[in-house]
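Work through the following exercises with the sequence and the 3D view side by side, and try each task before reading its solution.

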Amino acid sequence: MTKTANRDLLIKVVSTGMLAALSYVVFIFLQIKIPLPGGDAVSIHLGNAVCVLGALILGGAWGGLGGAIGMTIGDLFDPIYVVYAPKTFILKLCIGLITGFVARNLGKLAEQADRKAIANRAVLGSVAGLLFNVIFDPLVGYFYKRVLLGKPAAELTIAWNFSVTALNAVISAIVAVAVYLAIRPALRKSGLIPNA
């Protein structure tokens, strides 16, 4: 590997670790937990915003991985969510992969110079990744609760899961895009946003 390739890889690895830490902190300490029947709960949080932000900055794989690791660790330390850690990892990684694919691969976000084009691609990528989550988090959660965990209250919680996931998606899209637009110029200037 060349010096530049080594530097870029190091930046991605360190940035992914920072995103994982930020995702964990935001998910654990800035959440509003809503208890549900059957000892379950849903949360209003900004963890998904970190997933999306990471995908916009680093690309889907690295950004999604950072968000997925952070929120999975958050699940592992919470007695209510510990059983959902595998589901969390997969779904949050998918948020990042989809966001990164739409914004960076299809929309060529890293190559854009016009602020309006940057905002449009960031919004489209965010909406795509979070729309996936709005659809699949409640569905996979239902299947996970009903079939794998045998929780009879799965039917009672699916509407809550969908509603809270949709609210999280709207908040996360707004926050992620706003933060991305605010920090992108500084990251570009310092060379910390990879072009690939």
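**Exercise 1: The hairpin**

In this predicted model, strand 1 (residues 32-36) and strand 2 (residues 40-44) run antiparallel and are joined by 5 bridges. Find which residue of strand 2 stands opposite Pro-35, and which residue of the hairpin takes a positive phi.

*Solution.* Begin with Pro-35 and look across to strand 2, where Ala-41 stands opposite. Next, follow the chain through the 3 residues that lie between the strands of this hairpin, and you will find that Gly-38 takes a positive phi near 80°.

**Exercise 2: The nonpolar core**

Determine which residues of the largest nonpolar core touch the most other members, and which helix gives the most to this core.

*Solution.* The largest nonpolar core has 32 residues, and those that touch the most other members are Val-52, Leu-56, Ile-57, Leu-109, Leu-130, Tyr-180 and Leu-181. At least two residues of this core come from each of helix 1 (3-29), helix 2 (47-58), helix 4 (85-106), helix 5 (115-148) and helix 6 (154-190). Helix 2 gives the most, with 8 residues. As a last step, take Leu-130 and leave aside its neighbours within four places in sequence: Leu-130 is then in contact with Asn-48, Val-52, Ile-95, Ala-169, Ser-172 and Ala-173.

**Exercise 3: Two helices that pack together**

Describe how helix 1 and helix 3 (residues 60-76) pack, giving the angle and how far apart their axes are, and then the classes of the residues in their contact.

*Solution.* The two helices pack at an angle of about 35°, and their axes are 7 Å apart. Helix 1 passes helix 3 in a right-handed crossing. On the side of helix 1, the residues that meet helix 3 include Leu-9, Val-13, Tyr-24 and Phe-27, while those of helix 3 include Trp-62, Gly-63, Gly-66, Gly-67, Gly-70 and Gly-74. Sorted by class, the contact of helix 1 with helix 3 has 12 nonpolar, 7 polar and 2 charged residues.

**Exercise 4: Buried, partly exposed or exposed?**

Decide for Asn-168, Phe-29 and Phe-89 whether each one is buried, partly exposed or exposed, and add what is known about the surroundings.

*Solution.* Asn-168 lies in helix 6, and its relative accessibility is 4%, so it counts as buried, the cut-off being under 20%. Apart from neighbours within four places in sequence, Asn-168 is in contact with Ser-43, Ile-44, His-45 and Asn-48.

Phe-29, placed in helix 1, has a relative accessible area of 58% and is therefore exposed, since the cut-off for that class is over 50%. Its C-alpha atom is separated by 10.0 Å from that of Leu-46, which is 17 residues apart from Phe-29 along the chain.

Phe-89 lies in helix 4 and is partly exposed because its relative accessible area is 29%. Beyond its neighbours within four places in sequence, Phe-89 is in contact with Leu-65, Ala-68, Ile-69 and Thr-72.

**Exercise 5: A backbone angle to notice**

Find where Lys-108 is placed, and say what is notable about its phi.

*Solution.* Lys-108 is found in the loop between helix 4 and helix 5. Its phi is near 50°, a positive value in a residue other than glycine. Most residues other than glycine have a negative phi, which is why such a value deserves a second look. Finally, with a relative accessible area of 39%, Lys-108 is partly exposed.

Terms used. Residues are numbered from 1 along each chain as its sequence is written. This is a predicted model: local features need pLDDT of at least 70, side-chain atom pairs count only at pLDDT 80 or more; totals for chains, interfaces and linings use all residues. Side-chain values use heavy atoms; hydrogens and water are left out. Two strands pair if DSSP finds at least two bridges between them. Helices (H or I, at least four residues) and strands (E, at least two) are DSSP runs, numbered from the N terminus. A nonpolar core is a set of buried Ala, Val, Leu, Ile, Met, Phe, Trp, Tyr and Cys residues joined through side-chain atoms within 4.5 Å. Buried means under 20% relative accessible area, exposed over 50%, partly exposed in between (1.4 Å probe, protein chains only). Contact means heavy atoms within 4.5 Å. Axes are lines fitted to C-alpha atoms, for helices over the stretch in contact, and angles run from 0 to 180 degrees between N-to-C directions. A crossing is left-handed if the near helix is turned anticlockwise from the far one by less than a right angle, and right-handed if clockwise. Ala, Val, Leu, Ile, Met, Phe, Trp, Tyr, Cys and Pro count as nonpolar, Asp, Glu, Lys and Arg as charged, and the others, Gly among them, as polar.
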